[in-house]
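Hi,

Here is the structure I promised to pass on. Please open it and read my notes alongside.

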Amino acid sequence: MTALKQYQRLEFPGVWRASPKHQRKNVVVCMGNATLIIYDYADQPLTHWSLPALIRLNGNGRPAVFAPGADSTEELEISDDSMIDAIEQVRNAIERQGPRNLKPRLSIIACAICAMLVICMAWLPELLVNHAATLVPDAKRVELGERLLFQIQRISGVSCHTPTGTAALDRLHTRLLGDRPGRLVVLSNGVAWTNHLPGGLLLLDPTLVEDHEAPDVVAGYVIAEAIRADARDPVARILEQAGLVAAFRLLTTGDVSESVLLAQAGALLSQPYKPVLNETLLERFRSLGIPIRPYAIAVSRFDEEALALANSDSGGNSPVLSDADWVNLQRICG
């Protein structure tokens, strides 16, 4: 997604209406690398559009008028030429990176299914889910992650962001995860400490940055969640809960329904936290030069075995964030 880095988050004004029967409303449009989220001036989300599905209603006319799909009654008018060009550039880049091979011929699918049924009937669901998940390209994973995050925010509340806090959060991501795709998101409430979504999104509970004197604890939670995300494909996790019908739909249409994502959002928010306690975690802390003891003590409430990690701490003492970044991050939820 390097072609989209300069447009990973833009905010600009627009004029939106839900249908021809509704009044036009001045709004703030937040553009990510695969989605548009439209807010009112009270910072409440009004709607969520997928950039790959976006259509332009008035050709090359200015101001530009967009809709989220051919059958939608919604319209968004944008006057700023630079913002219009940014949307067009991101849409073109997504189209170039988009799924190309998610619609194999029906005969090939039928033959593959028959073979799997004959050879390993008992393992068909797991095999199909894993196979469907492996076919999802990076651009689609980003889109699924943003759509799932939108559904989660409908239940739990919007994510926290301030200019300085978001910048500190980005530096924390780089410090702990390097150039790994995705970003860190602090939700106002709802998530049980941490969780992860497709496209590299890692969700954090605000208490991880608000209730500790130093960033070592939240660093441990981020490292552990990244290891957990590596252990199980988050797209496969969605399909496991949704069942074979969703896996078939992903194979044949390249998409997942909003009802499936909404169900997954509810499941993630009700999921209890399970700490990661293994050699991989220790090695990750050592390589980053971060002490594991603060994280181990914090998660000992979930698993007493974490105290053994605290007693064998050899992670190091390199700073996670500067003092200024840590203060700004603690204030990200206002």
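Start with helix α14, residues 323–330: its buried residues are Asp-325, Trp-326 and Leu-329. Seen down the axis of α14, these residues fall within an arc of 100 degrees, so they line one face of the helix. The cover over them includes α5 (163–177), α6 (207–210) and α7 (216–231). Keep in mind that this is a predicted model.

Two of those covering helices, α5 and α7, also meet each other. Their axes come within 10 Å and cross at roughly 60 degrees. That makes α5 oblique to α7. The crossing is right-handed. On the α5 side, the contacts come from Leu-172, Leu-176 and Leu-177. On the α7 side, they come from Val-218, Ala-219, Val-222, Ile-223 and Ala-226.

Ile-223 leads on to another helix. Phe-285 lies 62 residues from Ile-223 in sequence, yet their C-alpha atoms are 8.0 Å apart in space. Phe-285 belongs to helix α11, residues 279–288. Is Phe-285 buried or exposed? Its relative accessibility is 1%, so Phe-285 counts as buried.

Now helix α10, residues 258–269. How far apart should its ends be? At 1.5 Å a residue, the 12 residues of α10 should span 16 Å. The end C-alpha atoms are 17 Å apart, which agrees.

Which residues of α10 are buried? They are Val-260, Leu-261, Gln-264, Ala-265, Leu-268 and Leu-269. These residues cover an arc of only 160 degrees around the axis, which puts them on the same side of α10. The general rule is worth recalling here: an α-helix has 3.6 residues a turn, so residues three or four places apart point the same way.

What does that side pack against? The buried residues of α10 pack against α4 (138–156), β9 (194–197), α8 (234–242) and α9 (244–253).

One residue of α10 deserves a look of its own: Gln-264. At 3% relative accessibility, under the 20% cut-off, Gln-264 counts as buried. Leaving out residues up to four places away in sequence, Gln-264 touches Leu-148, Arg-237, Ile-238 and Gln-241.

Best wishes

Note on methods:
Residues are numbered from 1 along each chain as its sequence is written. This is a predicted model: local features need pLDDT of at least 70, side-chain atom pairs count only at pLDDT 80 or more; totals for chains, interfaces and linings use all residues. Side-chain values use heavy atoms; hydrogens and water are left out. Buried means under 20% relative accessible area, exposed over 50%, partly exposed in between (1.4 Å probe, protein chains only). Helices (H or I, at least four residues) and strands (E, at least two) are DSSP runs, numbered from the N terminus. The arc is that of the directions from the helix axis to the C-beta atoms. Contact means heavy atoms within 4.5 Å. The expected span of a helix is 1.5 Å times one less than its number of residues. Axes are lines fitted to C-alpha atoms, for helices over the stretch in contact, and angles run from 0 to 180 degrees between N-to-C directions. Angles under 35 degrees count as roughly parallel, over 145 as roughly antiparallel, 65 to 115 as roughly perpendicular and the rest as oblique. A crossing is left-handed if the near helix is turned anticlockwise from the far one by less than a right angle, and right-handed if clockwise.
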